[in-house]
Amino acid sequence: MIWNKFLASLLTMSLATCFMACSQTSSSSADDEDDISADSSSGKSKGDASDEVSSSSVEEDYGDDCVGTPGQPWDGTTAKAFACGTGTKLSPYIILTAEQLAHLSFVVGAKESEYDEKYFKLGADILLNKGSLIDEKGALVADSTKLHKWTPIGNSSVTFTGNFDGNNHTVSGMFINTTSTHNGLFGNVSGTVQNLIVKDSWVSGGKNTAGVVGYSVGMVENVQNSASVNGIDECVGGVLGNSSQKDYRENSVIRNVVNEGFVMGNKNVGGVVGCASHVTLDGAVNKAIVDGNDYVGGVIGGIGSTDKNDLKNLRNYANIKGVHFVGGVSGFCGGNPYVSSFYNEASYSCSKLGSYQCGKILNMYNGGSVTGENYVGGVLGMVCYGSISSAGNVADVVGEYGTAGIVGSASYVTSVSLYNTGNILGEDYVGGIFSYNKEGVTSSAYSIGKVDGDSLVGLMIGHNYNTTMADYYYLEQGEQEPFGLNDGGGVATPKSSKEMKSNEFAKLLGEDFVYDSGLNNGFPILSWEK
C-alpha cells in the first residue's frame with residue numbers, strides 16, 4: 001500500500017536527519033497584530049518576530065559609575081553587585097558581565113526582597129561559556145565536564161518578580177543539564193522578560209524546561225531562542241516551558257516570540273511553548289524541528305482547558321513528529337487529554353459538554369510536515385469547544401487514527417476560513433479538513449490535497465456528525481467522495497483546479513480569503529498571510 005511505503009520512509013528517519021536546521025526567515029514586531037505574515041507558497045515569512053529581536057553588538061556608554069568589562073566569558077563566579085543603576089524604571093540595574101548576570105540569579109534564589117519588582121537591563125552581550133556548544137544539528141559538541149553550569153533565575157519555589165530588558169542583546173553559551181524542574185535562562189517568572197536572544201546554548205531538564213523561561217505567569221515579549229532544548233518530562237518548549245495564569249485571575253502574556261532551536265521532549269512539547277493555559281498570545285513562530293511523544297505541536301504542545309485562552313498569529317515552518325495528539329501548530333486544545341484509551345470514540349475526550357473549553361484561536365499556518373499515530377492534524381491534533389478561525393496547512397500529514405489537513409478531531413467547535421493543500425495519509429478517520437467533526441459549526445473551507453486511507457476517508461471530512469456547515473469546496477479527484485461518512489447532513493461542492501485558481505473563487509470563500517496568482521500555486525490564501 002502507498003500508506004506503508006510513505007509512513008515507513010518518514011518514521012524511520014534518523015535523529016541526525018530529523019535535526020537538520022530549518023531555514024531562517026525575515027521578521028518584524030508583533031506590536032501590529034497583522035505583522036506576522038507569510039508567503040504560503042514559499043514558506044518565507046513577510047514579518048516574523050526575529051527582526052524585532054536582533055542582536056546588538058554596540059555596547060552603550062553608561063558612564064564612569066558603571067563597573068564591569070563586557071565581552072569576557074564567564075569565569076564561574078558571582079559578582080557582588082550590578083554594574084550600576086538603582087533598580088527603578090528610569091535607572092534600571094545595568095548588567096554588563098556574566099558575573100553580574102549570575103548575581104541576579106543569586107539574589108533571586110536567595111529571596112533578597114530588596115530586588116523584588118525591580119528593573120534590570122543588559123548593557124552588553126553575555127557569554128556564559130566560550131566556544132560552540134552545539135552543532136548545526138542541535139547536538140551538544142562541547143566537553144560538558146569543562147562547562148560552567150547555569151543556575152536559572154528563579155526556581156520551583158522562587159519567582160523572578162522584576163522587569164528584565166535584554167535590550168536586544170544576546171546570552172550565549174548557556175549550559176543546563178539536570179533532572180530538576182523549571183529550567184532556562186529564567187526558571188520561574190511572574191514579572192516581565194523582553195527584548196532578548198538566547199543562542200548557542202544547551203538546556204536539558206525535567207518538567208517546565210525551555211531555552212528562555214521555564215515557567216511564566218507574567219509576560220514574555222520580543223524574545224528569540226536558538227538553544228537546543230531537551231526535556232525528560234512534560235511542558236518543554238523552545239522559548240517557554242509552561243505559561244499559565246497569574247493569581248487565578250490574569251492570563252499570562254506572550255508576544256512576538258520566535259524559536260529556532262531544536263526541541264525534544266516527552267509530553268506537551270512545543271516549538272515555542274510546551275504547555276499553555278489561561279494565556280494571551282499574539283505572534284509566535286517556530287522554525288526548528290520538534291520531536292516528542294504526546295501532545296506535540298510546532299508552536300504549542302498542549303493548550304489547556306479554559307475559555308480564557310486567546311491566541312493569534314501562530315506559525316510553524318518546521319517538521320513535527322510525535323505519537324498521540326500531534327499538530328503543526330498545537331497537538332491539543334481544550335478537552336481532557338489524560339485518558340487511557342485512544343480508541344473509544346473519535347471525540348472521547350470531549351464527551352462532557354462544556355466542561356473542557358479550548359477558547360479562541362485566530363490565524364494559524366503550518367508549513368512543515370506532521371507525522372504521528374493518533375489524532376494528527378496539519379494545524380491541530382484535537383480541539384474541543386471553542387472557535388478556530390483563519391487556518392491553513394500547506395504540508396503533508398501522516399498518521400494512523402484521526403488524520404487530517406487542519407484538525408485531527410473536532411467536537412463542538414465553531415470554525416471558519418480553513419484551507420489545506422497538503423497530502424493526507426492515514427488509516428481510519430482521514431480527511432482533508434477534519435478527520436472527525438462532531439456537532440460543530442463550520443464554514444468557508446477548501447482542500448486540494450490527496451487523501452488516502454483504509455476506512456472513513458473523505459476529501460473534506462472523514463466522519464461528519466451533526467455538523468452545521470456551509471461553503472465547503474474540494475478539488476474534484478475522480479470518484480472520491482468529500483465525506484467518508486456523513487451523519488446528519490452537510491454538503492461540499494467539487495471544483496476544478498482552474499475554477500479554484502481564480503479571484504472569483506476567493507470571493508466565494510469570503511472576505512478572509514484573497515487571490516494572488518504568484519502565491520500558493522495560484523490557490524487562494526488567507527488575507528492575514530499576505
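1. Tyr446 of strand β39 is the bridge partner of Tyr419, and this pair belongs to the contact between strand β35 (residues 407–420) and β39, which run in the parallel sense and are joined over six bridges. The model is a predicted one, and what follows should be read as a description of that prediction.

2. Strand β39 also pairs with strand β43 (residues 468–475), again in the parallel sense and over six bridges; here Ala445 stands opposite Tyr472 of β43. Because five of the seven residues of β39 (residues 441–447) are buried, this strand is largely enclosed by the rest of the structure. As general background, the strands of a sheet pair through backbone hydrogen bonds, in either a parallel or an antiparallel arrangement.

3. A further set of strands forms an open sheet of nine, with parallel pairing and the order β11-β15-β19-β23-β27-β31-β34-β37-β41. Its edge strands are β11 (209–210) and β41 (455–458), each of which pairs on one side only. Within this order, strand β27 (residues 324–327) and strand β31 (residues 374–377) pair in the parallel sense over three bridges, and Gly327 stands opposite Gly377 of β31.

4. Helix α3 (residues 98–109) consists of twelve residues and reaches 17 Å from its first C-alpha to its last, which is close to the 16 Å expected at 1.5 Å a residue. Just after the helix, Lys111 takes a positive phi of about 60 degrees.

5. How much of α3 is buried? Ten of its twelve residues are, so the helix is largely enclosed by the rest of the structure. Among the buried residues are Leu101, Leu104, Val107 and Val108, together with Glu99, Gln100 and His103. The elements against which the buried residues of α3 pack are the strands β3 (93–95), β4 (119–122), β5 (126–127) and β6 (163–172). In general, an α-helix has 3.6 residues a turn, so residues three or four places apart point the same way.

6. Asn230 lies in strand β14 (residues 228–231), and a colleague may ask whether Asn230 is buried or exposed. With a relative accessible area of 16%, Asn230 is buried, because the cut-off for that term is under 20%. Once its neighbours within four places in sequence are left aside, Asn230 is in contact with Trp202, Val203, Ser204, Gly205, Thr209 and Met264.

Definitions and conventions: Residues are numbered from 1 along each chain as its sequence is written. This is a predicted model: local features need pLDDT of at least 70, side-chain atom pairs count only at pLDDT 80 or more; totals for chains, interfaces and linings use all residues. Side-chain values use heavy atoms; hydrogens and water are left out. Buried means under 20% relative accessible area, exposed over 50%, partly exposed in between (1.4 Å probe, protein chains only). Helices (H or I, at least four residues) and strands (E, at least two) are DSSP runs, numbered from the N terminus. Two strands pair if DSSP finds at least two bridges between them. The expected span of a helix is 1.5 Å times one less than its number of residues. Contact means heavy atoms within 4.5 Å.
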